[in-house]
Amino acid sequence: MSGSHNEGQKAVAQVLAKLDVTLERGLTSAEAGKRLAQYGSNAIVEKEKSLLSKVVGYFTGPIAYMIEAAALAVLMCAFD
């Protein structure tokens, strides 16, 4: 069990070294600003879908196509 603990500590040490930080000091404000400018903010921007896009989305896709084909088949049989 202690072997995996050592490996975990080594992995954390490698990540900290790669990011050039320590647990004690973290990032300075200047370094944080520099990285923000270089890499951008750590955020996922959710794209808003239009109402039309949402409605059309319900009628597209393999399952929807099968249901639409079945409905057409029933309609064609009904008028025969």
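Let me start with one residue: Ala11 has a relative accessibility of 36%, so Ala11 counts as partly exposed. Ala11 sits in helix 1. From there, look across to Thr60, which is 49 residues away along the chain. The C-alpha atoms of Ala11 and Thr60 are separated by 46 Å. Before going on, a caution: this is a predicted model.

Now the overall layout. The protein has 4 helices and 0 strands, and along the sequence the pattern reads α-α-α-α. What radius of gyration does the protein have, and what would a compact globule of 80 residues have? The protein has 28 Å, whereas the globule would be near 12 Å. The C-alpha atoms fill a box of roughly 80 × 40 × 15 Å along the principal axes.

The surface numbers come next. Of the 80 residues in the protein, 6% are buried. The exposed area is about 7600 Å², and carbon and sulfur atoms supply 65% of that area. On charge, there are 8 positive and 8 negative side chains. The centres of those two sets lie 10 Å apart.

Let me walk along the chain. Helix 1 covers 2-19, and the loop between helix 1 and helix 2 contains Asp20. Asp20 is not a glycine, yet Asp20 has a positive phi of about 60 degrees. At the other end of helix 2, just after the helix, comes Gly40, with a positive phi of about 85 degrees.

Helix 2 itself: is it buried or largely in the open? It lies largely in the open, because the number of buried residues among its 11 is 1.

Helix 2 also holds a charge pair. Side chains of opposite charge can pair when their charged atoms come close. How many salt bridges does a search of the whole structure find? The search finds 1. Arg35 forms a salt bridge with Glu31, and their closest N and O atoms are 2.8 Å apart. Both residues lie in helix 2, which spans residues 29-39, and they are 4 residues apart, about one turn of the helix. An α-helix has 3.6 residues a turn, so residues three or four places apart point the same way. As for Glu31, its relative accessibility is 23%, which is why Glu31 counts as partly exposed; the cut-off for buried is under 20%.

Last, a nonpolar feature. Which residues form a nonpolar patch on the surface? They are Leu51, Val55, Tyr58 and Phe59, with about 490 Å² of accessible area together. Val55, one of the four patch residues, is found in helix 3, residues 51-58. Val55 counts as partly exposed because its relative accessibility is 38%.

To recap: the model is predicted, the protein has 4 helices and 0 strands, and 6% of its residues are buried. The search finds 1 salt bridge, formed by Arg35 with Glu31. The nonpolar patch on the surface includes Val55. That is the end of my part.

Terms used
Residues are numbered from 1 along each chain as its sequence is written. This is a predicted model: local features need pLDDT of at least 70, side-chain atom pairs count only at pLDDT 80 or more; totals for chains, interfaces and linings use all residues. Side-chain values use heavy atoms; hydrogens and water are left out. Patches are made of residues with over 30% relative accessible area and no salt bridge: like charges are joined within 9 Å, nonpolar side chains (Val, Leu, Ile, Met, Phe, Trp, Tyr) within 5 Å. Accessible areas come from the Shrake-Rupley method with a 1.4 Å probe; for residues, only the protein chains shown count as cover. A salt bridge is a side-chain nitrogen of Lys or Arg within 4 Å of a carboxyl oxygen of Asp or Glu. Helices (H or I, at least four residues) and strands (E, at least two) are DSSP runs, numbered from the N terminus. Buried means under 20% relative accessible area, exposed over 50%, partly exposed in between (1.4 Å probe, protein chains only). The radius of gyration is taken over C-alpha atoms; the globule rule is 2.2 Å times the number of residues to the power 0.38. Lys and Arg count as positive and Asp and Glu as negative; His and the chain ends are not counted. The place of a charge is taken as NZ of Lys, CZ of Arg, CG of Asp or CD of Glu.
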